[in-house]
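Biologist: Hello! I am new to reading protein models, and I would like to go through one slowly with you. Could we start with how helices pack?

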Amino acid sequence: MSVLIKGGRIITAADDYVADIYVEDETVSLIGESLDMSADKVIDASGKYVLPGLVDPHTHLDMPFGGTVTIDDVESGQTAAAFGGTTCHVDFIIQPQGSSFADAIADWRSKANGKQVIDMGYHMAVTDLHEGGSLEELATLPDEGITSYKLFMAYKGALMVDDETLFRTMEVASETGALVMVHAENGDVIDVLVLQALEAGNTEPLYHALTRPPEAEGEATNRAIQLARLAEAPLYVVHVTCREAVEPIARARDLGWDVWGETCTQYFFNSLDDIAKPNFEGAKYVYSPPVRDKSNWDVLWNAVRSDTLSAISTDHCAFLWDGQKSLGKDDFSKIPNGGPGLENRLHMIHEFGARAGRISLNRMVELLATSPAKLFGLYPKKGTVAVGSDADLVVFDPEKKLTITASSQHSKTDYNLYEGTEVTGSPEVVLMRGNVLVEGDELVASPGIGRYVARAKFGQELRARSAVA
């Protein structure tokens, strides 16, 4: 199908100009002024922004965790993403203990088959190199388009790996062109603090945050940086929340080391005040690393503005407050960790980042689309508006007013972290590979239209057609 988008203000990480875009065979075919061409569909984008489809590098859909399974499967999670202007994401395959990587991949791919609304790739979360996958098998994954390895330095007794597994994985990444990702919290220290809190009778959600202090995140971040330097592996620190973690990343980047970091939307807006809410309301804000003191909000805005942190993701990991989070009603350590966010990343960062003058529109696009695409082997097919790139495009109305509510969202969860927040600016039309996904308030595409994307190795560009059904 051919599409002509007329008169939009095209905003990329580098450019800002008014032009027409002609789309043919799923890619951007031509960009120019006053294009006189016929098309199957014409979209008037006058007065609107045209952004590249957003890329979310950090999501958890249909994932078993904490005695339950995240409430959003691939279809509902990706539907929420599409309404928020996200047209590609990279989800995590969690290697079960004792499982080979091949079996884990097959399991996660089966969860997505026929349900995909947007394009997606996968990271591999390494949990077991002893009874499960081998280093040799791990080394083959980048050739299959899985070009990033995730390791948890927390969740002792579940997902946490020891430093030997962490370092050996880094060595494999160095040799195979993969990017190492770490959840950086000191799981041993946290385990001690959790036990002490429970022994003292402290069971409320607030203690989830108090037993995962900023120092535990800062220590683990610095340890991962030093080990990655030793292994000569590129490192990406996920969901950075606080000064204690920002500072070691800043030092490493100032030294020219191959270290990058991300934060997530919620860490700019949620705080200890939220998790301390009474009547178990605070459980809505139980995710890891936890909410921090509000003083960290400016730290994070400064970090994304200065490129100390290079991406903003969602870490979308949604559970029901009533029915899943309530597993920890009497014990905060049993509350499933995670929060929703796929639908509102652009709303919140546009309103409180770009409109508020904290970051430019170009930097917003870089943080939400271009930088994640580059870091995770999707660029320039994804993450920009350019001739030859996939026609993943968001026609964004910068004047549309919206109140964010759980009742109007497309995630299956029963709450929203930003409930009642009023924003100005929202996607009007969302296209993926030239196919209209969302128009107004309607999902016009059917599940199954999304594809798996085999990503390029770290530092390489994705140019060849590598999306498969």
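Modeller: Gladly. A helix axis here is a line fitted to C-alpha atoms over the stretch in contact, and the angle between two axes runs from 0 to 180 degrees between their N-to-C directions. Please keep in mind that this is a predicted model.

Biologist: How are two packed helices described?

Modeller: Two numbers do the job: the angle between the axes and the distance between them. Here, helix 7 (residues 214-231) packs with helix 8 (residues 243-254) at an angle of about 20 degrees, and their axes are 7 Å apart. Angles under 35 degrees count as roughly parallel, so helix 7 is roughly parallel to helix 8.

Biologist: Is the crossing of helix 7 and helix 8 left-handed or right-handed?

Modeller: The crossing of these two helices is right-handed.

Biologist: Now the backbone, please. What is usual for phi and for peptide bonds?

Modeller: Most residues other than glycine have a negative phi, and most peptide bonds are trans. Ser34 is not a glycine, yet its phi is positive, about 50 degrees. You will find Ser34 in the loop between strand 3 (27-32) and strand 4 (41-44). Asp62 also has a positive phi, near 50 degrees, and sits in the loop between strand 6 (54-59) and strand 7 (64-65).

Biologist: Is Ser34 buried or exposed? And Asp62?

Modeller: Compare each value with a cut-off: buried means under 20% relative accessible area, and exposed means over 50%. Ser34 has 62% relative accessibility, so it counts as exposed. Asp62 has 18%, so Asp62 counts as buried.

Biologist: Where are the cis peptide bonds you hinted at?

Modeller: One joins Ser288 and Pro289, with omega about -10 degrees. Pro289 lies in the loop between helix 9 (272-275) and helix 10 (295-306). Another joins Tyr379 and Pro380, with omega about 0 degrees. Pro380 belongs to the loop between helix 12 (361-375) and strand 16 (393-403).

Biologist: Finally, what is the volume of the largest pocket, and which residues lie nearest its centre?

Modeller: Its volume is about 420 Å³. The lining has 18 residues, and Tyr155, Lys156, Arg212, Ser333 and Asn337 lie nearest the centre.

Biologist: Which helix gives the most to that lining?

Modeller: Helix 5 (residues 187-199) does, with 4 residues. By class, the lining of the largest pocket holds 8 nonpolar, 6 polar and 4 charged residues.

Conventions: Residues numbered from 1 in each chain as written. Predicted model: local features only at pLDDT ≥ 70, side-chain atom pairs only at ≥ 80, totals over all residues. Heavy atoms only, no water. 1 Å grid on protein atoms, 1.4 Å probe; cavity = no way out; pocket = protein on both sides within 12 Å on 5 of 7 lines; lining within 4 Å. Points joined across faces, edges and corners; volume = space filled by probe spheres on them. Nonpolar A, V, L, I, M, F, W, Y, C, P; charged D, E, K, R; others polar. Buried < 20%, exposed > 50% of the residue type's maximum accessible area, 1.4 Å probe, protein only. Parallel < 35°, antiparallel > 145°, perpendicular 65-115°, else oblique. Left-handed = near helix turned anticlockwise from the far one by under 90°.
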